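Good morning, and thank you for making time for this presentation. Please have the sequence and the structure in view while I speak.

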Amino acid sequence: MTSHLPGFTALFPPPASLETRLAVFPRQGLPCEAPVRIRWNPYQVPYIQARSDHDLALVLGLVHAHLREGQLALLKHAALGRLAEIFGPPATRIDELLRILDFGRAVDAIMERMPADTHAWLDAFVAGLNHYQEKAGPPPPEFALLGLRREPWTVADVLTISRLMGADVNWLVYFSLLREEGRPDWPRTWARAREAGADSATSFRASEEERVLTSLFSGLGRSGSNCVVLSPEKSTSGGAVIASDPHLGVSLPNAWLLLGAQSPSYHVVGLMPAGVPVFALGRNPLIAWGGTNLRALASDLFDVGGIDRADIRSEPFLIRRRFSFPARRSRRYTPFGPILSDARLLPRNGKELALSWVGHRPSDEITALLAAARARHCGEFRASFADFGVPGQNLLCADGEGNILQMLASAIPARGETSYPDLLRDPADPHTHWTGVIHTPQLPYALNPREGYLASANNQPVESDILIGLFFTDSDRINRLKEILAGQEKFSRQDLARLQMDTRSPAARRLAGELARLIREAGHTERIATRLNTWDGDYRPDSAAAATFEILLYYLVPALYTDGRRQASALLGQWGFLTKYLIPDLEALPPARRARLLRQVLRKTAKRARRYAVWGDMHRLAAAHWLGKLPVLGKAFRVARFPVGGSRETPMKTAHGLVASPHDAVYGSQARHISDLSDPDENYFVLFGGQDGWLGSANFADQIDLWRQGTYIRMPLRAESIAAEFPLSMDLEPAP
């Protein structure tokens, strides 16, 4: 019968209520030390109450497996370079690159130096993952469709996934620029890439395969985000407050799990990355914290073509492939790291390029984040990150004493030079060699600034003698956040919720005004110039000016740079490049040529703008399971698609490229958090999508409307509030 076809239930999953889903949760005979209680709210958000830290970690493993077993299997296959086992030969080149990047390279060394209590925590978490797989009944519906089988979990698997999540976001820039390296105009390309990435405001003083890679590295590596903290003087409640919203890939299930946890050492609410038992952002009774990706310069590319061949060793590996024979490949190691250019997925420029990454060295993010969750004030919070490595984070913290902190948590290579004259480093030059690693205690921080607030949006964090990074995000988001924070004396939780949904871009407003000026100077006085000149930069879904502006860019940028000599294609469409160079490059054209170019572009823009009158006509957000990316079958995994506001660098980020037709924003704001330190119950979270990754679950996408409306789920810390707001009680019993 049709119902017995493999994968049929993934394509047409039967509805599963909250009660149905919780009925499969193992409750008896657990390998725990004492009874454990889980309280659930209607969104299937758990609050775990355990009598020992061991039991808390164990039940966290059960909960992660229960809510995200399919997602965890995909993460494991990605981290180990085994995607071809799911997707067949088309994923071969992706697996080859993932194996060369070798996310598990430092795992053994990490485990050797890890404190005993951290190792015990991870052992218990893994025991929970495995117990759930053994006792909970059938696996998720997508297992049959993808040919997946349950496999035992190990601590090494969890740490390798953690390293995948720590991937250096600079790699995406490197991969793009490698296409241009070596061309005649490369020096100009590199200079502009550096200038666009470095020209960013500081926060404080002191191919289809490639789309998959972008989704992996930007979707898992915490590559975006906003975070602000306010001192009690800036808060209507009289307590310090924090508002943080991560920017990651937008797909279902969400990258985060929302939960509460209590044990002798922990009393926390917040967001955990799926598959890793730490709170990346959240609140305990005394502090609250969040952060953004630092974009730390954690990697270098070395041209190792001239090194002694005796210094290169080769290691073969086998890529097993669904629907096909295995593929044999090899990776080569040098003293400067694996030879990245052996990966067939990357541009072939005839050079042997080795990747030096601090993530190939041991550091201990798990211990750091566990200590941070126990911290009692901002000082203890900062001290927790002494051995934190990747991904580099710009962290913000507020405590019950009214302190607010911004700090850099990272492991940054100590280099002999700080000018970084080119993308590729020369191994024969000792100045390019790493002389050590700079850790968090040596990095700048800010405490209690006179302005009463601190903010981060992936911008350059601070002026420093240390080479922290090269490619920071354009200043648009941080400038807008500071504009809002400086423009109001005090903020309530509702004010911060509005800030998280803000869709204005100061840079777009300025750029639109400059384009309107050039249009008029060229003798064109049509409605487009007026529309651009009067636009406030707000990417509301009903904004006609936002649609016109983006359509104009879509036609203008390629028309200006078609010959490839003025600017290489790697930077086209990137916001930092457009805001810095588009107007000067237009002004550099002879007036007659500029007028002719603008006339052609305006004619196309006017025609297209009649078809797509407002921004929401083009700009959409798709709520879909990650299987929605599959050809043909993908349609079965799409839940909703709706107009959305925001843009590349608005506070509510919904990223896109150059667009003039309907498209989906696949990266941006996908979770929100607000905590007020004046009250232990005042903690609010929401996920884009839902908590449960099980296809057909009532909680698979039940938070989408909350997210769209700016509504949150309260996560209290007081016992009586927990009992009232998490009414579904589940008791877990240990084995006799």
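Let me begin with a question: does R376 count as buried or exposed? At 54% relative accessibility, R376 counts as exposed. I should say at once that this is a predicted model, and the values I quote are computed from it.

R376 has a charged partner. Its side chain meets that of E380 in a salt bridge, with 2.3 Å from N to O. E380 counts as partly exposed, at 22% relative accessibility. In general terms, side chains of opposite charge can pair when their charged atoms come close.

How many salt bridges does the structure hold? The number is 42, and I shall discuss a few of them.

Consider next the pair formed by D502 and R480, whose closest N and O atoms are 2.8 Å apart. D502 sits in the loop between α16 (493–500) and α17, while R480 belongs to helix α15 (residues 476–486), so this pair ties together parts that are 22 residues apart in sequence. Both partners fall below the 20% cut-off for burial: D502 counts as buried at 13% relative accessibility, and R480 counts as buried at 11%.

A further salt bridge joins the side chains of E181 and K351, at 2.9 Å from N to O. Here E181 counts as buried, with 10% relative accessibility, whereas K351 counts as partly exposed, with 30%.

Salt bridges may also be linked to one another. K76, R82, E85, E151 and D157 are connected in a network of this kind.

I turn now to a charged residue without such a partner. D245 is found in strand β4, which covers residues 241–245. What is the nearest side chain of opposite charge to D245, and how far away is it? It is R672, at 5.7 Å. A salt bridge requires a distance within 4 Å, and D245, although buried, has no salt bridge. The side chain of D245 does make a polar contact, at 3.0 Å, with the side chain of H247. Leaving aside residues up to four places away in sequence, D245 touches S225, N226, Q500, P651, S669, A671 and R672. R672 therefore appears among the residues that D245 touches, since contact asks for heavy atoms within 4.5 Å, even though the two residues form no salt bridge.

Let us move to the backbone, and to helix α5 in particular. This helix spans residues 92–101. How many of the ten residues of α5 are buried? Nine of the ten are, and the helix is mostly covered. The buried residues are T92, I94, D95, E96, L97, L98, R99, I100 and L101. Charged residues appear in that list, including D95, E96 and R99.

Just after α5 comes D102, with a positive phi of about 55 degrees, although D102 is not a glycine. D102 lies in the loop that leads from α5 to α6 (107–113). D102 is itself buried, with a relative accessible area of 12%.

N448 offers a second case. Its phi is near 50 degrees, which is again a positive value in a residue other than glycine. N448 is placed in the loop between β20 (445–447) and β21 (453–456). With a relative accessible area of 37%, N448 is partly exposed, whereas D102 is buried.

Where are cis peptide bonds found? One runs from L252 to P253, with omega near 0 degrees. P253 has its place in the loop between β5 (247–249) and β6 (256–262). Another cis peptide bond runs from V390 to P391, with omega near -10 degrees. P391 is found in the loop between α14 (378–383) and β15 (393–399). E380, whose salt bridge with R376 opened this talk, falls within the residue range of α14.

The last residue I wish to show is G523, in the loop between α17 (506–521) and α18 (527–533). At 55% relative accessibility, G523 counts as exposed. G523 and R599 are 76 residues apart in sequence, and their C-alpha atoms are 9.3 Å apart in space.

To close, I would ask you to keep two residues in mind. D245 is buried and has no salt bridge, whereas D502 is buried and is paired with R480. Thank you for your attention.

How values were computed. Residues are numbered from 1 along each chain as its sequence is written. This is a predicted model: local features need pLDDT of at least 70, side-chain atom pairs count only at pLDDT 80 or more; totals for chains, interfaces and linings use all residues. Side-chain values use heavy atoms; hydrogens and water are left out. Helices (H or I, at least four residues) and strands (E, at least two) are DSSP runs, numbered from the N terminus. Buried means under 20% relative accessible area, exposed over 50%, partly exposed in between (1.4 Å probe, protein chains only). Lys and Arg count as positive and Asp and Glu as negative; His and the chain ends are not counted. A polar contact is a pair of N or O atoms within 3.5 Å; within protein, one must be able to donate a hydrogen and the other to accept it, and residues adjacent in sequence count only if both atoms are side-chain atoms.
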